Amino acid sequence: MNKKLVAMLSALSLCVTVTACSKSEDNTKSQSSTNKTSINIESLDNESVSDPDTYIKLGTETTVEGQGAEVSNNKVTITKAGTYSVSGKIEDGQILVDAGAEDKVYLILNGADIKCSNSAPIYVKNAKKAIISLAGGTENNITDGETYVFEDESSNDPNAAIFSKDDMTIIGTGKLTVNANYNNGIASNDDLKIQSGNIVVNAKNNGIKGKDCINITDGNITINSKGDGLKADNTTDETKGYIYILKVEK
């Protein structure tokens, strides 16, 4: 593994607490040495969310009010760009984003409690980018099972309770608790940005994982993991595979 930690600086508005069982032997670079590396910290866009276009209410009979989403066997599939409000509780279901390659999908978690026994409760299979917004004053819980059933046995995707094959950003002021009993907590196969939020991750393996980078600009994050707390593991491109935590002056 060639993980690059490019600035872990504490600030009043940003708190990251990590408890992990494994010890990392990765190459760690501090901010003072970044000029000596080939890492180019990407400027990831700040995101904001507008009013929902579609309302998804989870329950024994999940309902969708609006366009762009459909329900089948407790699985809600989102097929196009838009802003989707997700509320309610489901004991064994899934939010699946399978939109266009250029579509940005906004998921507002507005008091959502999603459990899925055999896959990722939130799975972004295809989109240009997924933005998960934690509605202010709400508590949201995502819990997976101990085993997954894969459509394609040659692939191990998804491998996290909240998983995206594409770029993903988390925003908002609400609370998110992720209980990952299978593997990782929150993961993206591309860039993963945490812009804000009160986030607790309990993971069997890695807590938060972004393949190309993890970029944290604000938030209160607690990770309890048996693997790495934070992990970025792109080993094929030396300009990627880094973790960046912004210093915020207040």
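The following exercises, each with a worked solution, concern a predicted model.

**Exercise 1.** Determine where Gly136 lies, and whether Gly136 is buried or exposed.

*Solution.* Begin with the position along the chain: Gly136 belongs to the loop that runs between β11 (129–134) and β12 (139–144). Next, take the relative accessible area of Gly136, which is 52%; because exposed means over 50%, Gly136 counts as exposed. Finally, look for residues from elsewhere in the sequence: Gly136 touches Thr173 and Gly174, when residues up to four places away in sequence are not counted, and the C-alpha atoms of Gly136 and Gly172 are 6.5 Å apart although 36 residues separate the two in sequence.

**Exercise 2.** Find out which polar partners the side chain of Asp144 has in the backbone, and how far away the nearest side chain of opposite charge is.

*Solution.* First locate Asp144, which is in strand β12 and is buried. Then search for an opposite charge: the nearest such side chain is that of Lys204, 9.3 Å away, and Asp144 has no salt bridge. Now turn to the backbone, where the nitrogen of Asn181 lies 2.6 Å from a polar atom of the Asp144 side chain, while the nitrogen of Tyr182 lies 3.5 Å from a polar atom of that side chain.

**Exercise 3.** Work out which strands stand at the edges of the open sheet of 8 strands.

*Solution.* Write down the order, β5-β6-β8-β10-β13-β16-β19-β22, in which the pairing is mixed. The edges are β5 (69–72) and β22 (230–231), each of which has a single partner strand, so one side of each is left without a neighbour in the sheet. Within the sheet, β8 and β10 run parallel and are joined by 4 bridges, and Ile95 has Ile122 as its bridge partner in β10.

Methods. Residues are numbered from 1 along each chain as its sequence is written. This is a predicted model: local features need pLDDT of at least 70, side-chain atom pairs count only at pLDDT 80 or more; totals for chains, interfaces and linings use all residues. Side-chain values use heavy atoms; hydrogens and water are left out. Helices (H or I, at least four residues) and strands (E, at least two) are DSSP runs, numbered from the N terminus. Buried means under 20% relative accessible area, exposed over 50%, partly exposed in between (1.4 Å probe, protein chains only). Contact means heavy atoms within 4.5 Å. Lys and Arg count as positive and Asp and Glu as negative; His and the chain ends are not counted. A salt bridge is a side-chain nitrogen of Lys or Arg within 4 Å of a carboxyl oxygen of Asp or Glu. A polar contact is a pair of N or O atoms within 3.5 Å; within protein, one must be able to donate a hydrogen and the other to accept it, and residues adjacent in sequence count only if both atoms are side-chain atoms. Two strands pair if DSSP finds at least two bridges between them.
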